[in-house]
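Please look over the sequence and structure below before reading on. A short briefing follows them.

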Number of protein chains: 2
Amino acid sequence: MATRTLASWAIGLTSSTIPGSVKQAAIRSLYNYLGCTIGGANHTTVTRARDALADFCGRPTTTVYGNNGALRMDPEHAALLNGIASHVHDYDDTHLSTIIHPTGSVASAVLAYVEHSPAPTTGSDLITALIVGIEIECKLGLSVWPSHYDLGWHITSTTGSVGAAVAVGKLMHLTETQTIHAIGIAATQATGLREMFGSDTKSFHVGRAAQSGLLAAQLAKNGFTSSEGAVEAKRGWANVMLGSSDSTQKLDIYCSTSTTEGLGRTWETERNAFKPFPCGIVCHPAIDGAIHLHQELEDKAIQLEDVARVDIRVHPLVMELTSKRTPKDGLECKFSVFHSVAVGLAYGKAGPAEYADLVVTDAAVIVLRDKIEAHIDHGLRADEADITVAVNSGDVLHRHVDHAVGSLKKPMTDLQLTKNFLDQCALALGERAAERASSLAWRIAESNDVAALLRDL
Amino acid sequence: MATRTLASWAIGLTSSTIPGSVKQAAIRSLYNYLGCTIGGANHTTVTRARDALADFCGRPTTTVYGNNGALRMDPEHAALLNGIASHVHDYDDTHLSTIIHPTGSVASAVLAYVEHSPAPTTGSDLITALIVGIEIECKLGLSVWPSHYDLGWHITSTTGSVGAAVAVGKLMHLTETQTIHAIGIAATQATGLREMFGSDTKSFHVGRAAQSGLLAAQLAKNGFTSSEGAVEAKRGWANVMLGSSDSTQKLDIYCSTSTTEGLGRTWETERNAFKPFPCGIVCHPAIDGAIHLHQELEDKAIQLEDVARVDIRVHPLVMELTSKRTPKDGLECKFSVFHSVAVGLAYGKAGPAEYADLVVTDAAVIVLRDKIEAHIDHGLRADEADITVAVNSGDVLHRHVDHAVGSLKKPMTDLQLTKNFLDQCALALGERAAERASSLAWRIAESNDVAALLRDL
């Protein structure tokens, strides 16, 4: 019954029944999404896809963000490109319980539909649809986590197409049966193998999930049929995605309206976290510490060349995932705790500019990087780190990070999100346009006509 | 190395190194594909999708078959719609070792590219590309069969996107590296859950695989990157599609150029079979027998109302898959051996018209259907059946079918394929246009400019 439960819950949800804190979390997710999407718009992954698709595109009705409103494509291709851009810098949001990046697929599809829709969409309806999509993809993710990811699926896109379909369906006012069919059509398009990580195809997954979800809703609206048990059936989504037939118990927990962890009882949208740094999330605590110590070095007027050595103690996953000693380009820097800590110490920040290809050859960073020793500490939590800087003078600076900035215990403030947005978007749009886009993106939830706002982004 | 081997083999293949019998099999596959696609063009599944997509379509450069050249869409959407149409009547070809329907996805993508390509494509190049696609999808299918299908994947589409990508890539003259990336981009879009069987989404899988394959080739051509071990890696296609990590042995057998069962050694294109009847293939032997007995009844001037009872002995799978006693529409008739044998006896044929919704209420068919008793016989092969008709006069007519028409031991002749083509296409186009289309479809392999021929279909 999971499929019907999801559909029925999605249809019944109204803005007035959603807690204010959940809506606020969704507004922050949408804002952060737009920053990432604009910031990613000129990445070669996106421009390669854009060039490849040019011949196939339909009427240019829908904004491809990051071009100051100058680039439009048909809704399907806009959803694809915006979805790719949202994920390409690894700077997007993270539902920490499943490591789904939830907003990319859902927002890319929903916003594409908003510009395509014959009637204006209010910000309030948009946020409700976004919440529907995020909740459903995360509940599906929880139902198959972690075996599904371990097997090799990119969980963001395998769940994202369904979230996107239901979210778009919500704005289309699909009936329960149509929503069930939309879930099935989306579920059967299970894009995303982990083997593609490290290539253009990784962020393609997010865009394709958005596009598949939009297509699913559009087909269902036109009477296209699917299974009524797409999620829970013996050969349906959950079992196939697990590679086995043991989905029932978890579906009963998460895709239910009567359990504590179920739909509308625990809101996954509130469990969504934002990245302060555009790199592997596991090394964020160490970066957080490094940035604090940068300030201390400055305060004490200690020069970088006077640093003798740096010792970091980190959670085991840090060295499993981000242990690249000598990264060779910006992409590899994102998976190097050494580079990340070095830029934190050297510049007091680790934003998009600090992961540009150029920084790899920055002598000051390289010298510092080579002074760093990493120590695995099994006693640390994933959002915890410890960093010690020994100076030639004999001084020792130390910082213990109990909960990294961006963790659920120490969430990013709106001001920090704004700074991230501006940092990313200024690179794509210039500073003035970035500020304009930021102010506009914060206002979407209050708009009476979202499409009108989007057309300038 | 499977990914590289597939790519390298595909690039190296030339028409002159392909045995003539394989090329002939591919020509028959293409011909049969066009008949099925034109015949399926007006099915509600196709028209629903067509209506749903109208708003998204780009420049109408590519023919949607079955409309006498009057309907064109952009290449991506044409590939999708033609792919759906090719499979919607369950009348398409079957690679019996894997039950992949191999031509639908590959041909839909390749033909869409042919009309999109700046340079003319010869029939010979088209057939080579088609063979490349069919061989690769079937070798991939053999590598994961049967666990993959049992797990719940629609093997036709999960392999079809890769076959389509490589086939299109062949015509694009992609380099080896680009072909590897195309394989990865296609493999990561693994559309098709078996749970969707019985709904519009089943045939959507074939169309979506065609579209995904075309997109993959187009992206790869523009430098879009993917994994270089997409098929064989720990978290790559084969292992994920099996739901486990045990793909190595079979990949070594089938995706190799040095084994007897490998690429260019055993040609899967020659193992492709064509359906004489648009229904579940397992009940074909019984229909074959029924049609022979129809003739005998006529020869002896025995009326249908004089038939006392009919006994059929069939392979166990017949009753597992096609045991519907009282089908309620044309679609259900396709999975009823009782309906199928009844129309065979009553009309001497079981073509598309005999599976139209109207026939379900045909009193003569219903009366006859209810006189049929089915007996499972574990001693029979899948392509074998036995049928006995007892007449009120005391006469007994009997027919044992050793190998059903359409089986590999008794393949469909070109004449029989032509008759099927005409039967299907006359319903869509009228008789004269169907004859014209048939003659044109048989000539494609000799054409110097395939696109010019396609534009009238």
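The points below go from the whole of chain A down to single residues in chains A and B.

The model is predicted. Chain A holds 20 helices and nine strands. Its radius of gyration is 22 Å, which agrees with the value near 23 Å for a compact globule of 457 residues.

**Chain A as a whole**

- Taken along the principal axes, the C-alpha atoms of chain A fill a box of roughly 75 × 50 × 40 Å.
- Of the 457 residues in chain A, 64% are buried.
- Among the contacts in chain A with a separation of 6 or more, 75% are between residues 24 or more positions apart.
- Chain A has an accessible surface of about 15200 Å², and carbon and sulfur atoms account for 52% of that surface.
- Chain A carries 38 positive and 50 negative charges, and the mean positions of the two sets are 3 Å apart.

**Annotated domains of chain A**

- An unreviewed UniProt entry gives the annotation "domain: MmgE/PrpD N-terminal" to residues 5-246 of chain A.
- Residues 5-246 of chain A are 62% helix and 4% strand. The C-alpha atoms at the two ends of this span are 19 Å apart.
- The annotation "domain: MmgE/PrpD C-terminal", from an unreviewed UniProt entry, covers residues 277-441 of chain A.
- Residues 277-441 of chain A are 43% helix and 16% strand. The end C-alpha atoms of this span lie 20 Å apart.

**Two helices of chain A**

- A:Asn82 is part of helix α4, which runs over residues 75-87 of chain A.
- A:Asn82 counts as buried because its relative accessible area is 2%, and the cut-off for buried is under 20%.
- Apart from neighbours within four places in sequence, A:Asn82 is in contact with A:Tyr33, A:Thr37, A:Thr63, A:Val64, A:Tyr65 and A:Ser108.
- Helix α16 of chain A, residues 337-347, is mostly covered, with ten of its eleven residues buried.
- The buried residues of α16(A) include A:Val337, A:Phe338, A:His339 and A:Leu345.
- A:Gly348 comes just after α16(A) and has a positive phi of about 75°.

**The loop between β3 and α5**

- In chain A, A:Ile99 is in the loop between β3 (94-95) and α5 (103-116).
- A:Ile99 is not a glycine, yet it has a positive phi of about 50°.
- A:Ile99 has 30% relative accessibility, so it counts as partly exposed.
- In chain B, B:Ile100 is in the loop between β3 (94-95) and α5 (103-116).
- B:Ile100 has 0% relative accessibility and therefore counts as buried.
- Leaving out residues up to four places away in sequence, B:Ile100 touches B:Asp93, B:Thr94, B:His95, B:Glu137, B:Cys138, B:Gly141, B:Ile155, B:Thr156 and B:Thr159.
- B:Ile100 and B:Asp150 are 50 residues apart along the chain, and their C-alpha atoms are separated by 13 Å.

**The cis peptide bonds**

- A:Trp145 and A:Pro146 are joined by a cis peptide bond with omega of about 0°.
- A:Pro146 lies in the loop between α6 (123-144) and α7 (147-151) of chain A.
- In chain B, a cis peptide bond with omega of about 0° joins B:Trp145 and B:Pro146.
- B:Pro146 lies in the loop between α6 (123-144) and α7 (147-151) of chain B.

**Exposed loop residues of chain B**

- B:His173 sits in the loop between α8 (155-172) and α9 (176-187) of chain B.
- Although B:His173 is not a glycine, it has a positive phi of about 60°.
- B:His173 counts as exposed because its relative accessibility is 67%, and the cut-off for exposed is over 50%.
- B:Thr361 sits in the loop between α16 (337-347) and α17 (363-369) of chain B.
- With 61% relative accessibility, B:Thr361 counts as exposed.
- From C-alpha to C-alpha, B:Thr361 and B:Pro327 are 9.8 Å apart in space, with their positions 34 residues apart in sequence.

Note on methods
Residues are numbered from 1 along each chain as its sequence is written. Chains are lettered from A and ligands numbered from 1 in the order in which they are written. This is a predicted model: local features need pLDDT of at least 70, side-chain atom pairs count only at pLDDT 80 or more; totals for chains, interfaces and linings use all residues. Side-chain values use heavy atoms; hydrogens and water are left out. The radius of gyration is taken over C-alpha atoms; the globule rule is 2.2 Å times the number of residues to the power 0.38. Buried means under 20% relative accessible area, exposed over 50%, partly exposed in between (1.4 Å probe, protein chains only). Contact means heavy atoms within 4.5 Å. Accessible areas come from the Shrake-Rupley method with a 1.4 Å probe; for residues, only the protein chains shown count as cover. Lys and Arg count as positive and Asp and Glu as negative; His and the chain ends are not counted. The place of a charge is taken as NZ of Lys, CZ of Arg, CG of Asp or CD of Glu. UniProt positions are given in the numbering used here, feature names are shortened, and annotations may be inferred rather than shown by experiment.
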